[in-house]
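The following exercises concern the architecture of a protein chain. Please examine the sequence and the model before attempting them.

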Amino acid sequence: MNQKTSSSLFSRARQVIPGGVNSPVRAFKSVGRDPLFITRAEGSRIYDADGNCYIDYVGSWGPMILGHCHPKVVEAIQQAAANGASFGAPTEKEIILAEMVREAYPNMEKVRMVSSGTEATMSAIRLARGYTGRDKILKFDGCYHGHADSLLVKAGSGAATFGVPTSPGVPADFARHTLTATYNDLDEVRNLVNTNKAEIACIILEPIAGNMGCVAPKPGFLEGLRQLCDDEGIVLIIDEVMTGFRVAYGGAQERYGVRGDLCCLGKIIGGGLPVGAFGGKKEIMDHLSPEGGVYQAGTLSGNPLAMSAGITTLQLLKEEGFYDRIEEKSTYLEQGLKAAAEKASFPTCLQRVGGMFCTYFQEGPVWSFTDAAKSDTELFARFFRAMLDEGINLAPSQFEAGFMSIAHSKDDLDATIAAAEKVFARL
Ligand code: PMP
């Protein structure tokens with residue numbers, strides 16, 4: 001496949017944009033090739049600057065559950081743009097989207113719109129700290145919640161109880177307020193809570209961890225966290241930026257029947273435009289400015305284009321049987337990919353929840369980041385490159401989820417499975 005234009009655009013981009021990209025994973029560093037530069041997308045397909053067409057399972061990292069360029073979403077954005085791109089003042093659309101969110105997530109009694117997932121989690125954490133008057137937070141190794149300082153932290157080595165920064169620029173003084181635990185390990189969380197009695201403001205987690213591939217919560221894990229938070233006065237923040245309106249209309253909280261005190265959303269609720277939201281119990285949310293003292297703000301928050309794209313997207317997701325169809329397509333792809341790997345006697349482990357999935361290059365199962373890290377990332381990189389050459393666009397990292405859209409046809413899925421068979425046989 002000729003990808004010369006993409007490569008030359010990448011060289012040009014590197015002169016003016018750090019690493020040539022505006023978000024690191026886009027640089028394809030871990031898969032050892034130049035990234036594709038995209039010109040347009042439609043339905044299940046994405047097109048690069050050389051005119052190549054790919055079946056797309058990245059879907060802008062999750063938002064495009066309706067497929068790219070859904071005509072009704074495009075129309076909603078166009079109509080909104082004709083009335084003005086931004087006012088920095090309240091609009092009815094913000095209320096409509098907030099009401100739709102509350103209907104789907106009844107524990108989000110009040111909702112505030114922001115412009116990205118990072119802003120949603122960062123603001124929810126500040127609110128939890130302001131509400132409880134405590135400084136420490138607890139997160140899980142391998143969960144990603146955006147790039148706020150408190151979250152770019154990993155566990156300190158050995159007996160250290162303090163977290164350490166994972167990025168230069170994050171003061172150690174910030175990182176020491178972040179505790180990290182192993183995903184799916186409730187005992188470890190209990191121990192951390194006991195040794196930091198009455199000091200932890202919140203526990204934040206991905207209810208299905210899509211930032212280490214696709215790791216479901218073990219039975220009892222979410223329930224155990226819920227109980228622990230109730231017992232200890234800790235705010236449970238469920239980060240559904242990826243899973244919200246993805247694994248069910250009501251997200252992972254509907255799927256597993258466990259509700260957070262605060263919840264973060266992003267991606268799908270903007271229909272592809274920059275958006276995020278956080279919300280929760282009235283009692284907590286009313287601590288936000290201007291009602292309460294916890295400051296949080298945004299010039300473009302509740303942007304009318306983003307609200308319009310979000311409202312139309314959610315209306316379409318509410319159609320009867322939408323999530324059943326996503327499930328059917330995803331099951332079909334899962335079975336095909338598993339059979340393709342088995343045919344070539346290839347040790348892979350495909351994990352999936354609803355329309356998000358990951359093929360780990362190892363036998364699995366994967367329950368934590370320690371498990372995920374056992375994957376053969378070199379082999380994954382070769383698989384990724386070969387699939388791309390076959391016209392299949394997967395996430396360019398072993399530790400990212402793939403996403404199904406309603407626009408993926410049976411032909412698309414068959415073509416993907418056939419490509420995987422060919423590639424597995426060659427690897
Ligand atoms: N939380 C989760 C679970 C995410 O997956 C992401 C981004 N992939 C974020 C937060 C941050 O969102 P954004 O990139 O919009 O800042």
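Two exercises with worked solutions follow, on a predicted model.

**Exercise 1.** Determine into which domains the protein chain is divided, and describe the side of domain 1 that touches domain 2.

*Solution.*
Step 1. The chain is divided into domain 1, comprising 4-69 + 321-426, and domain 2, comprising 71-317.
Step 2. Between the C-alpha centres of domain 1 and domain 2 the separation is 25 Å.
Step 3. To the contact, domain 1 gives 27 residues and domain 2 gives 30 residues.
Step 4. On the domain 1 side, at least two residues each are supplied by helix H11 (322-343), strand E13 (349-353), strand E14 (356-360) and helix H12 (369-372). The largest share, four residues, comes from E14.
Step 5. By residue class, this side of domain 1 holds 18 nonpolar, eight polar and one charged.

**Exercise 2.** Establish why the protein chain is described as being as compact as a globular protein of its length, and characterise its burial and contacts.

*Solution.*
Step 1. The secondary structure consists of 14 helices and 16 strands.
Step 2. The globule rule gives 22 Å for 427 residues, and the radius of gyration of the chain is 21 Å, which is close to that value; the chain is therefore as compact as a globular protein of that length.
Step 3. The C-alpha trace spans about 55 × 55 × 50 Å along its principal axes.
Step 4. Of the 427 residues, 48% count as buried, a residue being buried if 20 or more other C-beta atoms lie within 10 Å of its own.
Step 5. Considering contacts between residues at least 6 apart in sequence, 72% join residues at least 24 apart.

Key: Residues are numbered from 1 along each chain as its sequence is written. This is a predicted model: local features need pLDDT of at least 70, side-chain atom pairs count only at pLDDT 80 or more; totals for chains, interfaces and linings use all residues. Domain bounds come from an automatic or database domain assignment. Two residues are in contact if their C-beta atoms, placed from the backbone, lie within 7 Å. Ala, Val, Leu, Ile, Met, Phe, Trp, Tyr, Cys and Pro count as nonpolar, Asp, Glu, Lys and Arg as charged, and the others, Gly among them, as polar. The radius of gyration is taken over C-alpha atoms; the globule rule is 2.2 Å times the number of residues to the power 0.38. A residue is buried if 20 or more other C-beta atoms lie within 10 Å of its own, exposed if 12 or fewer, and partly exposed in between; C-beta atoms are placed from the backbone.
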